[in-house]
Amino acid sequence: MEKRYISAARTDAVTEREAENREVSYRAALEGIVLLKNDGALPVKPGKIALYGAGATRTVKGGTGSGEVNERSVISIKEGLELAGYEIVSRRWLDDYEKEYESKYSDWLHMRGVKESLIDNMANPFQPPAGRFVIETDADEADCDTAIYVVARQAGEGSDKKLERGEFNLTGLERSSIERIAKSFKNSVLVINSGSYMDIGDLDEKVSAVIYYCQQGMEGGHAFADILSGAVSPSGKLTDSWARCYEDVPNGENYSYLSGDTSKEFYNEGIFVGYRYFDTFNVAPRYPFGFGLSYTEFETVFRGIEYRSGEFAAALTVKNTGSVSGREVAQVYAYLPEGTLVKEKKRLVGFAKTKTLNPGEEQTLNISFTPDYLASYCESRAEKLLEAGKYIIAAGNSSASAIPAAVIELDETVAVYKLKNICTPQKSIKEIMPPEGKNATVPSEGLQTLSLKAEDIKTVKADYYTLKPAFDAKVEKMLDEMSVRDMTEMCVGAGLGGMTETDGIYAPGTVGRTTMRFASKGVPNVNLSDGPAGLRLLKCSALTKNGKQKFKDGNFMMSSMVRLPKAIQKLLSAKDGDEVLYQFTTSFPVGTALAQSWNTELMEEVGRAISREMTEYGITYWLAPAMNIHRNPLCGRNFEYLSEDPVLTGKIAAGLCRGVESISGNYAVIKHFACNNVEDNRTHSDSILTERTLREIYLRGFEIAVREAQPGGVMTSYNLLNGTYTPDSRDLCTAVLRNEWGFTGLVMTDWFSTAPGQGNAAGAIVAGNDLMMPGQGTDKLSILIGVMRGDVSRSELRICAGRVLQAVLNAKALEITDR
Ligand code: BGC
């Protein structure tokens, strides 16, 4: 391709778009902070405040690895507080902390001789030190009423967190420092700055307030200050149940490295993940799913439920009965009847967030859901069934507070989907069983009863035989003219594009691109960039006179690259005189924090903001949202993922996808499909689970996102699923995704997941995994040999190539002209 499209800006001035997106990030952070305890200490107006803990000045804005974002600047909690008018009076402790941080960071940096590979570095992120003990003298010197202690944790791709002090547990130093502030100050606030929950022991009983800050992106410090001061009332809700201690996590003892064998991951807890376990097995969590406090009070009145046009519609009125304004999340759960299938006690079926309600103001919310939200999967019949009996609909503002409000009574068992068995386990799985009669105590007398006949519910039979990809005439014609070799090239992406290749549509810092081979025929490459906390590109980079991409001033693609050997860094870095390019993207709260807003409209807004940046910098595929289920709190990538619950996961992801794809030709890529729930040994770990658990918990979020938002892309995962690498699973990539759910977009691999010893590209084509990323010579060879041997048919290859071609030709980035 002769013409070079460079999308990067040439100046580092703040654009209108950057300022607007920063504001969206701020609002997302505001709604993602969760207040867990408040004995009246909060809000606290600007004044003197003592601030301690690792996350005070070095607030962790997001996790590490591909999910990082290289934004212009980040507001820490301390900066946010100061800018809001608080006077920080714990200077001495904070100064000491800075010294310790610098020295520990420098040690970590120089340990690179031990861990040299990029992957190893990525798997060993810098863990902020805790700082020194907070002692009595610190408290005396502070001379104020309120102290805040911010515990911080970092985690990232490639390794799971350890069940150790300093990771999932607090260290002795953190504990005693928090106890000290609880004793010495009138008001003590514990803030948790970690992408996933941790064990805080009994400290929540000792301090006056607990805030789950999570990791809130570039504007988190501002949002925190506004929540603390009461300028805005907190409205975030947990997307996970917090176990009291690790021993309470179902099947926790067998998770990842704890089982002693990371090559097999048995999902023995079955469908009993998160609150489904706590509720059903009568184990009290520390904080329940859906929980979060406000500075005001709300009263929720259930108005009734109807069934029309194949949908249940519940109406609820939420009234602000307190004295300040705020927002509430109305959550609707369904208690499920006992039947042939063993079920969880109850599950979330829908939710909605109010607008900001002033004191005395009310709003009626309509929450709808289709019958499949009540269904359970029966493996022997391969059907999603609604068993006859009573479904008790409950409403409230957390899974624990939901109050039974109506009954749906079904006369006979009915199938909502007639499917086929998929991903059959190769090993036997011993799932845990709940106690008998778990729903006996749910009262239903006197509630509105909606009687439903089985015949009122539509049964859909999946069609696994007629799959007709709809390509344009132009695509069909090009496919007709393509050789097997050409089609193979189309299905194999190009390297870490933004790092090296500067021809075609080029944006520094992308992680991949499609082939350039057909550029002269009007099919240029398109670019792919990570998420999920924003768009990961290079903030500042350089282009040499002979067209080589270079790093500039230590601005790397990911933080772990600072540990690359100096000689390599030098080789990859610009010299004076090279042309400098800038791309300022926005870092948003991490996935979990976004989901804690429980606000699907806000998610659309975040998606739209990201999409504007994609258009500006010529990015076609955003490799997000990431939506694996929070199965265990030690998973290294929980921060990127959304929730323990598939309905919340699916709806939050659908909102983000709708936002991204509101600009036609920009695509969201939901990932990692499916069951990438451990990070240790992730490329050789076999997720072993029953089909029912797979369908009800691990595929369900993806199903909702696909049915609601039809994203342009799906990324398969690194792991095996019941013995098959996911890119090679036709059950996943075709039967479930396309035949059952009607997905029409592109399926791509996770990075290098068809490398030798893992999945294989020929198998992926047969399965319907269209694009190998970032693409290797071995992938091409595998496909070509596959065709030669007759393992891959020409028509299978044609369909995959057609999907890539069609997506490229529809890409928004093709409209970009040389800048
Ligand atoms: C991650 C993906 C990511 C890809 C590209 C992989 O290591 O698992 O989530 O999109 O890298 O950066």
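## Sheets, salt bridges and a ligand shell

An open sheet of six strands runs in the order 22-23-27-28-30-33, and its pairing is mixed. Its edges are strand 22 (512–513) and strand 33 (746–748), each of which pairs on one side only. Please keep in mind as you look around that this is a predicted model.

Inside that order, strand 28 (residues 667–673) and strand 30 (residues 713–716) run parallel and are joined by three bridges. To find this pairing in the viewer, start at Val-669, whose bridge partner in strand 30 is Gly-713.

### Strand 7 and its partners

Another good place to visit is strand 7 (residues 209–212), where Ala-209 and Ile-211 point one way while Val-210 and Tyr-212 point the other way. Are these four residues buried or exposed? All of them are buried.

Strand 7 pairs with strand 2 (residues 34–38) in the antiparallel sense, over four bridges. Here Val-34 has Tyr-212 of strand 7 as its bridge partner. Strand 7 also pairs with strand 6 (residues 187–193), this time in the parallel sense and again over four bridges. In that pairing, Val-189 has Ala-209 of strand 7 as its bridge partner.

### Salt bridges

Side chains of opposite charge can pair when their charged atoms come close. How many salt bridges does the model hold? The count comes to 69. The table shows three of them.

| Acidic residue | Basic residue | Closest N and O atoms |
|---|---|---|
| Glu-616 | Arg-17 | 2.8 Å |
| Glu-605 | Arg-27 | 2.5 Å |
| Glu-640 | Arg-637 | 2.6 Å |

Take the salt bridge between Glu-616 and Arg-17. Glu-616 sits in helix 15 (residues 600–617) and Arg-17 in helix 1 (residues 16–32), so this pair ties together parts that are 599 residues apart in sequence. Arg-17 has 6% relative accessibility and therefore counts as buried, the cut-off being under 20%.

Glu-605 and Arg-27 form a salt bridge as well. Because Glu-605 lies in helix 15 and Arg-27 in helix 1, the pair ties together parts that are 578 residues apart in sequence. Glu-605 is partly exposed, with a relative accessible area of 24%, and Arg-27 also counts as partly exposed, at 25% relative accessibility.

The salt bridge between Glu-640 and Arg-637 involves two buried residues: Glu-640 has 1% relative accessibility, and Arg-637 has a relative accessible area of 1%. Salt bridges that share partners join Glu-157, Arg-637, Glu-640, Glu-679 and Arg-682 into one network.

### Around the ligand

Two members of that network, Glu-157 and Arg-637, turn up again at the ligand. The ligand is surrounded by 14 residues, and the closest are Glu-157, Asp-530, Arg-637, His-672 and Asp-750. By class, this shell has seven charged, five nonpolar and two polar residues.

Which side chains place a polar atom beside an oxygen atom of the ligand? Among them is His-672, where an N or O atom of the side chain is 2.7 Å from a ligand oxygen. Lys-671 has a polar side-chain atom 2.8 Å from an oxygen atom of the ligand, and for Tyr-718 the corresponding distance is 3.0 Å. Taken alone, the ligand exposes 310 Å², and the protein buries 94% of that.

Lys-671 and His-672 also bring us back to the opening sheet, since strand 28 covers residues 667–673.

Conventions: Residues are numbered from 1 along each chain as its sequence is written. This is a predicted model: local features need pLDDT of at least 70, side-chain atom pairs count only at pLDDT 80 or more; totals for chains, interfaces and linings use all residues. Side-chain values use heavy atoms; hydrogens and water are left out. A residue is near a molecule or strand if one of its heavy atoms lies within 4 Å of it. A polar contact is a pair of N or O atoms within 3.5 Å; within protein, one must be able to donate a hydrogen and the other to accept it, and residues adjacent in sequence count only if both atoms are side-chain atoms. Accessible areas come from the Shrake-Rupley method with a 1.4 Å probe; for residues, only the protein chains shown count as cover. Ala, Val, Leu, Ile, Met, Phe, Trp, Tyr, Cys and Pro count as nonpolar, Asp, Glu, Lys and Arg as charged, and the others, Gly among them, as polar. A salt bridge is a side-chain nitrogen of Lys or Arg within 4 Å of a carboxyl oxygen of Asp or Glu. Helices (H or I, at least four residues) and strands (E, at least two) are DSSP runs, numbered from the N terminus. Buried means under 20% relative accessible area, exposed over 50%, partly exposed in between (1.4 Å probe, protein chains only). Two strands pair if DSSP finds at least two bridges between them.
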